[in-house]
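Let's take a walk through this structure together. We'll look at confidence, then at a threonine, then at the cysteines.

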Amino acid sequence: MSSTDSGRDRIIEAATRLFAALGYDGTSTRMIAEAAGLNVATVAYHVGGKRDLYLIVMERAHRAERQVLEKALAEMTPDVEGVLTLVDRYVELCMARPEIPALWMHRWLSDAADVAHLDDDYVRPLMEMVSGAVRGVVSDEVDLDFLVWTVVWCTHGFGSGGLLDQQGKRRKLDDPEAVARFRAHMRRTVAAAISPPAGSPG
């Protein structure tokens with residue numbers, strides 16, 4: 001790897017951490033430069049301005065998310081267990097790459113509002129891809145849009161805020177027991193949502 005590639009990668013990694021922690025609006029180019037151990041001019045040379053860097057970070061996050069979902073969908077069996085395994089894969093992605101849901105959480109709070117096209121370019125295609133794959137498994141009574149978004153909302157929320165236990169301590173991604181409970185809860189939640197109503201033909 002050349003020094004140019006190394007410097008660019010350091011900048012992108014630093015920017016990803018800061019955008020995930022502070023949001024686009026709360027992060028300055030100077031902060032990114034300092035986190036990468038470089039000066040502002042070097043950052044500009046490698047990646048351009050802060051907006052350019054944000055677009056690079058969000059594209060990388062999208063590619064990582066899409067790669068996992070495409071693989072999971074390719075392996076998904078057309079039944080309830082297949083849908084639950086898909087949920088598992090998505091939860092695993094967000095647990096392994098917490099910066100991805102963190103970046104989107106900031107956008108939900110109107111972060112980087114002037115960069116408006118990312119939802120149409122990145123979010124909508126993935127949601128349509130997942131919905132299309134599971135539509136044949138769930139009944140017409142299930143609101144599929146809300147079901148898919150429920151998984152996203154819950155997973156991003158747990159990754160950000162964790163679970164407040166009986167002692168007032170937040171159990172988050174660094175707590176294997178809390179993560180295991182969350183994964184099991186999401187499976188039960190989705191299974192209940194897509195199961196036929198009691199008394200209906202199965």
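Among the elements of the protein, helix 4 (residues 50-75) has the highest mean pLDDT, at 97, while helix 1 (residues 3-22) has the lowest, at 90. Here pLDDT is the predictor's confidence in each residue, from 0 to 100, and helices are DSSP runs (H or I, at least four residues) numbered from the N terminus. For the protein, the mean pLDDT is 93, and 94% of the residues get to 70 or more.

Yes, this is a predicted model: local features need pLDDT of at least 70, side-chain atom pairs count only at pLDDT 80 or more, and totals for chains, interfaces and linings use all residues. Residues are numbered from 1 along each chain as its sequence is written, and side-chain values use heavy atoms, with hydrogens and water left out.

Now pick out T16, which sits in helix 1. T16 is buried, with a relative accessible area of 17%; buried means under 20%, exposed over 50%, and partly exposed in between (1.4 Å probe, protein chains only). Skipping its neighbours within four places in sequence, T16 is in contact with V57, E99 and L103, where contact means heavy atoms within 4.5 Å.

How many disulfides are there? The count is 0, going by a pair of cysteine sulfur atoms within 2.5 Å. Why no bond for C94? Because its sulfur is 12 Å from the closest cysteine sulfur, in C154, which is too far.

Here is how the two cysteines sit:

| Cysteine | Relative accessible area | Status |
|---|---|---|
| C94 | 2% | buried |
| C154 | 32% | partly exposed |

Methods. Helix = DSSP H or I, 4+ residues; strand = E, 2+ residues; numbered from the N terminus.
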